[in-house]
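User: Could you take a close look at one part of this model for me, starting from a single detail and working outwards? I'd like the cut-offs spelled out as you go.

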Amino acid sequence: RTESSSLVYHADEVRDLFAAARAIADPSDGFALVTTLRSPLFGCGDDDLWTWKRAHGSFNLMAPAPEGQEAHPVGVAISYLRRLHRDSRWMTPSEILGRLAVDRRMFEVGVLGPRARDSWRRLRFVIDQARAWSEVEHGGLRSYLAWAGAQSAEGSRVAESVLPESDADSVRIMTVHAAKGLEFPMVVLSGMTAAPMHGKGVRLFWPAGGYSVSLSKDLQTGDFQDQLPLDEQMSSFERLRLMYVASTRARDHLVVSMHRSGPRDTNARRLGDVHAETAAGAVPLPAGETGSGPTPLSSAVTPPPDFDTWLAGVQGSAEASRAHPAFSASGLEGTDPDAEWSPPDVTVAARPGADAEVATEVTPADEALASGAAKGGRDVELPAWSKGRYGSAIGRAVHGVLQVVDLSTGDGLEDAVAAQSVAEGVVEFASLITALVRSALDSDVVRRAAAREHWRESYVGMVQDDGTVLEGFVDLIYREDDGSLVIVDYKTDDAPDAALPARVAYYSPQLKAYQLIVEQAVGGPAAAPMLVFARETSARTQEVSSRQR
């Protein structure tokens, strides 16, 4: 699975899409047009191209079809591309790519391949990238194609984002730049036998106090050749740094091809030269130790294990790697009201420790309101790491402020809101975040916690019966007057009061998991967890009843 953004642009379906875009951008580009016609977008075979040319048809997008050839496969394809070329002057590049993908059934064709999801993922990524480019550059199709070509050019310094899908067993292929900061159990370095690409075309150096430029082999500034050795030396050092980065991505196994031939300066030859220095068998002794001489390297080779034993070990490791060693309590949320809704037993507490319980009766109208206005299911159009409809970013900002602000006085609220708004990219919602935080601070539960011993953003975890770890972070824990611990969790769901019982049932497994972990940690019972729903006006506090265990 190719995961680097620059490698995506080398995929077959993306190349076919860009060939069609180039034919639309430049009607005189006969090569792009023929490439597009022979691609799965139009499916014209060589026989179709031959009969079209024999009928005096032209591979110019603006040329009319020969008489009687309008229904020819090539004529139909060129007619479609001509219409899209005329419409393209009012369309953004992302709209053109999206229209090509939909009209030519590229997503449906991807089903025929061995990895349909990968094909869909790459097409969506390229179209989304084109949309983001248009929002910044506001350029036309030709400018976009020039930018897209730079994304896959060798040696380009593009943003190497790793695409966020990793739920399938596969070999992950990425560039060294994309692998920075990541680690993997096994790493295979490819391209070790490739010779470095020396710069061609226009080259520009920036030595101290000026610049040196080469426009061609015969047109360059006088000091360009003087600066060239220094640039080549810097490029050599950069290759060494990249090879070091690539080699240190492996946790357990690193596989490197040492094959090399000829005098070419390749990474494999560099490693071979280093090995040759110690191939005679010399490993120097550590400083301070004495001996008769260097210790020879052992030339003995361990025989491979029995194949069945090896295969059983590989399969056992694969099965073990699929098991999740830890689970988050926040992932134990119940069934979403949008999918299935039932009125739970809920205790609405005006203050912690209240004896009176208020039975919440939910009518069919309330049920519809709860299902339609609650936070609802995951938005599949959002990135995989984001959840919620409006605003996991706003919710994170509210939680971040409540971690640092003074719970008693609210001191530092403005500065904390400003910092968290910038961090989450929701500066325009600073007033909303402020209102939500103030409503939480004004709730009876938080006021009671502020006046007592309390802990914020506490990590809790326990080992379950199956050996896995159940863990999470509790927003607020405080000690009641009777010594019991009260767990408080903040929520920013944009739901009406009628929907709150459903939301309590939804979050109940998460809160009960926190309670179980805390009880095991302290060796005694903890009070019923409390949910604080922050609002723009006043917060609502709800206790998770024991009947919801």
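Analyst: **A helix and its surroundings**

Asp29 caps the N-terminal end of α3, with a side-chain oxygen 3.3 Å from the backbone nitrogen of Phe31. For a polar contact, the N or O atoms must be within 3.5 Å, with one able to donate a hydrogen and the other to accept it; residues adjacent in sequence count only if both atoms are side-chain atoms. Helices here are DSSP runs of H or I, at least four residues, and strands are E runs of at least two, numbered from the N terminus.

Some housekeeping: this is a predicted model, so local features need pLDDT of at least 70 and side-chain atom pairs count only at pLDDT 80 or more, while totals for chains, interfaces and linings use all residues. Residue numbers run from 1 along each chain as its sequence is written, and side-chain values use heavy atoms, leaving out hydrogens and water.

Back to α3: its buried residues are Ala32, Leu33, Thr36 and Leu37. Looking down the axis of α3, these buried residues fall within an arc of 135°, so they line one face of the helix; the arc is taken over directions from the helix axis to the C-beta atoms. Buried is under 20% relative accessible area, exposed is over 50%, and partly exposed is in between (1.4 Å probe, protein chains only).

What does that face pack against? The buried residues of α3 pack against α2, α4 and α5, where contact means heavy atoms within 4.5 Å.

Leu37 also leads us into the largest nonpolar core: among its 43 residues, Phe18, Leu37, Leu97, Val126 and Tyr144 touch the most other members. At least two residues of this core come from each of α2 (12-25), α3 (30-37), α4 (46-54), α5 (73-87), α6 (93-103), α8 (116-137) and α9 (141-151). The largest share is from α2, with eight residues. Such a core is a set of buried Ala, Val, Leu, Ile, Met, Phe, Trp, Tyr and Cys residues joined through side-chain atoms within 4.5 Å.

Take Leu97 as one hub: leaving aside residues up to four places away in sequence, Leu97 touches Leu17, Phe18, Ala21, Val126, Ile127, Ala130 and Tyr144. Phe18 and Tyr144 turn up again in a cluster linked by ring pairs, together with Trp133 and Trp147. Rings of Phe, Tyr and Trp (its six-membered ring) pair if their centres lie within 6.5 Å.

Just past the C-terminal end of α3, have a look at Pro40 and Leu41. Val109, which lies in helix α7 (residues 106-109), touches Pro40 and Arg104, again not counting residues up to four places away in sequence. Val109 and Leu41 are 68 residues apart in sequence but 8.8 Å apart in space, C-alpha to C-alpha. At 35% relative accessibility, Val109 counts as partly exposed.

Arg104 has another partner worth a glance: Arg104 lies over the face of Tyr80, at 5.1 Å from the ring centre. A charge sits over a ring if NZ of Lys or CZ of Arg is within 6 Å of the ring centre and within 35 degrees of the ring normal.

Note on methods:
Rings of Phe, Tyr and Trp (its six-membered ring) pair if their centres lie within 6.5 Å; planes under 30 degrees apart count as stacked, over 60 as edge-to-face and the rest as tilted.
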